[in-house]
Amino acid sequence: CAGRILSAGFIDIQLNGAFGVDFSDPNIKRQDVFTVAEKLTRYGVTGFCPTMISSTKDTYASVIPTIGGCWKDQKERNRKKHSSSTNRNHAHILGMHLEGPFF
């Protein structure tokens with residue numbers, strides 16, 4: 001193992017977006033979220049919380065169900081595989097981080 005590092009996976013608790021995807025975009029698609037989840041593993045991230053910045057009520061109403069649906073899909077896929085530890089081709093959505101309008 002010379003020259004290699006072994007560590008636990010990283011958990012990103014505030015990810016506003018990545019790879020050209022903005023988690024506050026009211027037009028976000030489920031595939032956009034899954035694309036981020038798949039690419040994050042290249043950087044050692046095994047779990048993340050998609051984060052929305054302060055937004056309009058309409059944006060919350062659009063984005064939250066989209067990301068929530070992705071979370072449910074991941075959970076169902078993992079259940080079918082009997083263990084989330086066997087499915088490492090994507091980082092797991094752990095929940096959402098909502099920045100506002102709650103300040």
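This is a guided tour of a predicted model, moving from the whole chain to its two helices and then to its salt bridges.

Begin with the whole protein in a cartoon view, where the secondary structure comes to two helices and six strands. Following the chain from the N terminus, you meet these elements in the order β-β-β-α-β-α-β-β. If you colour by accessibility, 33% of the 103 residues count as buried. Contacts across the chain can be considered next: among those between residues at least 6 apart in sequence, 74% join residues at least 24 apart.

Now select residues 30–40, which form helix α1, together with residues 57–80, which form helix α2. Two packed helices are described by the angle between their axes and the distance between the axes. Here the helices pack at an angle of about 55°, and their axes are 9 Å apart; α1 and α2 are therefore oblique to each other. The crossing of α1 and α2 is right-handed.

Keep both helices in view and show side chains where they meet. On the α1 side, select R30, V33, F34 and A37; on the α2 side, the residues that they meet are T66, I67, G69, C70, D73, Q74 and R77. Sorted by class, this contact of α1 with α2 has five nonpolar, three polar and three charged residues.

Which residues of this contact should be selected next? Choose D73 and R30, whose side chains meet in a salt bridge with an N to O distance of 2.0 Å. Because D73 belongs to helix α2 and R30 to helix α1, the pair ties together parts that are 43 residues apart in sequence. As for accessibility, D73 has a relative value of 30% and so counts as partly exposed, and R30, at 34%, therefore counts as partly exposed too.

The structure holds two salt bridges, and to find the other partners you can select R79 and E76, whose closest N and O atoms are 2.5 Å apart. Both R79 and E76 lie in helix α2, three residues apart, which is about one turn of the helix. Is R79 buried or exposed? With a relative accessibility of 54%, R79 counts as exposed, because the cut-off for that class is over 50%. Its partner E76, at 32% relative accessibility, counts as partly exposed.

To finish, show both pairs together: D73 with R30, which links helix α2 to helix α1, and R79 with E76, which lies within helix α2.

Conventions: Residues are numbered from 1 along each chain as its sequence is written. This is a predicted model: local features need pLDDT of at least 70, side-chain atom pairs count only at pLDDT 80 or more; totals for chains, interfaces and linings use all residues. Side-chain values use heavy atoms; hydrogens and water are left out. Axes are lines fitted to C-alpha atoms, for helices over the stretch in contact, and angles run from 0 to 180 degrees between N-to-C directions. Helices (H or I, at least four residues) and strands (E, at least two) are DSSP runs, numbered from the N terminus. Angles under 35 degrees count as roughly parallel, over 145 as roughly antiparallel, 65 to 115 as roughly perpendicular and the rest as oblique. A crossing is left-handed if the near helix is turned anticlockwise from the far one by less than a right angle, and right-handed if clockwise. Contact means heavy atoms within 4.5 Å. Ala, Val, Leu, Ile, Met, Phe, Trp, Tyr, Cys and Pro count as nonpolar, Asp, Glu, Lys and Arg as charged, and the others, Gly among them, as polar. A salt bridge is a side-chain nitrogen of Lys or Arg within 4 Å of a carboxyl oxygen of Asp or Glu. Buried means under 20% relative accessible area, exposed over 50%, partly exposed in between (1.4 Å probe, protein chains only).
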